[in-house]
Amino acid sequence: MRKLIPVIVLLSVISCKKSEEITDRKVDSAKIIDSINVVRTKINDSIRISRGYKNLEGTHILTHDMISGNGKISFTKTGQDEYKISGENKRGSDFLKIEGTARMTSPKNLKFDGTITQSISDYDEGKLDIRKGKKNFSTKDGGKTFKLYESVNNAGFADKIIIKM
């Protein structure tokens, strides 16, 4: 029994001894979520960039089949595949003016929303023709030229309005 008492005392001392407390680090879930969102945003942006169509930004040639010579049209990028468009082709009293916005919806389609103003002396004695709203320019040559799809003007004549890239 005498041998048993020291063993019991030793065991009680060891079992009662305070051990180091394990401290749980409080994890800030908001920081984890924010870091995940940052990574997701970078991935989504890279996917969005790779899905973009041909960059049309810059100054290009604007032609009309009834106006000799070439005019200029400027594309200013406002967003991914979105542009502000402004251009004019003028020869004598005949002119064509395009103002508005455009968006590439596919490699073959450029959706235009704005105003096309023209005055052609051979059409209705040069009466001012204004077309407002949404129009479609399309390409068949891989984006080298875009032709106005809805080409009939208010005088009833078909216009051949082409933007050459």
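Begin by selecting Asp129, Arg131 and Asp159, which are joined in a network of salt bridges; bear in mind while looking at these side chains that the model is predicted. The structure holds 2 salt bridges, and the next selections take them one by one.

Keep Arg131 and Asp129 in view and display the distance between their side chains, which meet in a salt bridge at 3.9 Å, N to O. That separation falls inside the criterion, because a side-chain nitrogen of Lys or Arg has to lie within 4 Å of a carboxyl oxygen of Asp or Glu.

Now add Asp159 and turn to its contact with Arg131, a salt bridge in which the closest N and O atoms are 2.6 Å apart. This pair connects distant parts of the chain, since Asp159 sits in the loop between strand 7 (145-148) and strand 8 (161-164), while Arg131 belongs to strand 6 (residues 129-138), the two being 28 residues apart.

Are the members of this network buried or exposed? Arg131 is buried, with a relative accessible area of 6%, and Asp129 is likewise buried, at 7%; Asp159 is buried too, as is its partner Arg131.

For the last stop, move to the surface and select Val39, Ile43 and Ile47, which form a nonpolar patch there with about 240 Å² of accessible area together. Colouring helix 2 (residues 29-51) will show where Val39 is found. Val39 counts as partly exposed because its relative accessibility is 46%, a value that lies between the limits of under 20% for buried and over 50% for exposed.

Key: Residues are numbered from 1 along each chain as its sequence is written. This is a predicted model: local features need pLDDT of at least 70, side-chain atom pairs count only at pLDDT 80 or more; totals for chains, interfaces and linings use all residues. Side-chain values use heavy atoms; hydrogens and water are left out. Patches are made of residues with over 30% relative accessible area and no salt bridge: like charges are joined within 9 Å, nonpolar side chains (Val, Leu, Ile, Met, Phe, Trp, Tyr) within 5 Å. Accessible areas come from the Shrake-Rupley method with a 1.4 Å probe; for residues, only the protein chains shown count as cover. Helices (H or I, at least four residues) and strands (E, at least two) are DSSP runs, numbered from the N terminus. Buried means under 20% relative accessible area, exposed over 50%, partly exposed in between (1.4 Å probe, protein chains only).
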